[in-house]
Amino acid sequence: MPLNFMRASLDLRAPRTRRPWPPPRLALALQGGGSYGAFTWGALDRLLEQEDIEIDALSGASAGAVNAVLLAAGLASGGRAAARKILEDFWTRVSQSSPLFLPRAARLPLDLMAGALAPYQFNPFDLNPLRDALNAYVDFELLRTTPGPNLLIGATRVSDTGLRIFSRAEMTVDCVLASSCLPLLHHSVEIDGEHYWDGGYVANPPLTPLVVETRASTVLIVQIAPRRASLLPRSRPDIVRRIDQINFCSTLDREIDSIRQLAPLCASGDHSGKWAQLRLDRISAENEIETLAAESAANLNWSFVSRLRDAGRIAAEDWITQEAQTP
């Protein structure tokens, strides 16, 4: 089986130039996609074990934003061990409780049950258990004031479809809820007079801002939205799920293409060498779980969540050891 990383996205190194591996400094771009985010949990768990890798920056949308904030909060409160514990406790809680964040494909039964009402009608008090879960595990004041990896959390402005990036210094629970706001389940999240929906609609995850802001020359994308589907979807839920998967992948592909065009221009005037050394890698959940496209991203059963976690650890392990396997 081929290794579960993709180096072909972009590598501007001179052909004979070798770099230390694993990279001493790393930026992570974490995609959103409901319960598929447990794959990212596993990947982060393995990366946190690798003490010779410094995580310099994190970007994310939706479930990717949740994972990014949990990791950063853990590092701020107690280092790598605390970050691993917070991620484990959060995902265990998610699996044992009702769904906290669902993709549109999972909303169809809820919409039918509610008579296709908007959340302002069937959820007038905007009940959202994700708020309680985040507040239980994240000390946002400590996160904002403690040095650590750069955070770039993406949300979609409802007014003009623009991308809003929330930084570590301004991070609140509302920023994370904005990034993961599903407009058919929850009210839009208002911050500074603007209303926001799920960041995955416009940047899943925010990649170009991450490349610009990070000091790392190696960027690892953790992709959880399936690109491939072996069967043609025919039922309405399957069609809606596949539309979401296509949208999530296409936003990422557009950003990769933009960086591919931008990087050579930036490299010519890059005195720090970051752009000249830029390398994008990608690990993908579907490379480990072939039937992922047919699985519901609303499935939070522990058997599925733990399977995704284990797959994420395997993919991260393969990525970390890839240079040793390359002649």
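## An aromatic cluster

Trp41, Phe90, Trp91, Tyr137 and Trp302 come together as one aromatic cluster. That is a friendly place to begin looking around this structure, which is a predicted model.

Aromatic pairs are worth a look too: the count comes to 6. One of them joins Trp21 and Trp319 in an edge-to-face arrangement, with 5.0 Å from centre to centre and 65 degrees between the planes. This pair links distant parts of the chain, since Trp21 sits in the loop between β1 (5-11) and β2 (25-30) while Trp319 belongs to helix α10 (residues 302-320), 298 residues apart. Trp21 is buried, and Trp319 is buried as well.

Another pair is made by Trp41 and Trp91, and here the rings are stacked, at 6.5 Å centre to centre and 0 degrees between the planes. Distant parts of the chain are linked again: Trp41 is in helix α1 (residues 37-49) and Trp91 is in helix α2 (residues 63-96), 50 residues apart. Trp41 and Trp91 are both buried, and both are members of the cluster described at the start.

## Two cis peptide bonds

Trp21 deserves a second visit. The peptide bond that runs from Trp21 to Pro22 is cis, with omega near 0 degrees. Pro22 lies in the loop between β1 and β2, where Trp21 is also found.

A cis bond turns up again between Asn204 and Pro205, once more with omega near 0 degrees. For Pro205, the place to look is the loop between β7 (194-198) and α8 (208-213).

## Positive phi outside glycine

Next come two backbone angles to check on the model. Ser62 is not a glycine, yet its phi is positive, at about 55 degrees. You can find Ser62 in the loop between β3 (54-60) and α2. Is Ser62 buried or exposed? Ser62 counts as buried because its relative accessibility is 8%, and the cut-off for buried is under 20%.

Thr161, also a residue other than glycine, has a positive phi near 65 degrees. Its loop is the one between β4 (150-157) and β5 (163-167). With a relative accessibility of 57%, Thr161 counts as exposed, as the cut-off for exposed is over 50%.

## Around Ser180

Where is Ser180? Look in the loop between α7 (173-179) and β6 (189-191). Ser180 counts as buried, at 5% relative accessibility. Its side chain has a polar atom 2.8 Å from the backbone oxygen of Val176.

Setting aside neighbours within four places in sequence, Ser180 is in contact with Ser62, Leu130 and Asp198. This brings back Ser62, the serine with the positive phi of about 55 degrees. Gly199 is another residue to compare: the C-alpha atoms of Ser180 and Gly199 are 6.6 Å apart, although 19 residues separate them along the chain.

## Cysteines and disulfides

A disulfide is a covalent bond between the sulfur atoms of two cysteines. How many disulfides are there in this model? The count comes to 0.

Two of the cysteines can still be placed by their accessibility. Cys175 has a relative accessible area of 2%, so it is buried. Cys181 counts as buried too, at 1% relative accessibility.

Conventions:
Residues numbered from 1 in each chain as written. Predicted model: local features only at pLDDT ≥ 70, side-chain atom pairs only at ≥ 80, totals over all residues. Heavy atoms only, no water. Phe/Tyr/Trp six-rings, centres within 6.5 Å; stacked < 30°, edge-to-face > 60°. Helix = DSSP H or I, 4+ residues; strand = E, 2+ residues; numbered from the N terminus. Buried < 20%, exposed > 50% of the residue type's maximum accessible area, 1.4 Å probe, protein only. Disulfide = S-S within 2.5 Å. Contact = heavy atoms within 4.5 Å. Polar contact = N/O pair within 3.5 Å; in protein donor to acceptor, adjacent residues only side chain to side chain.
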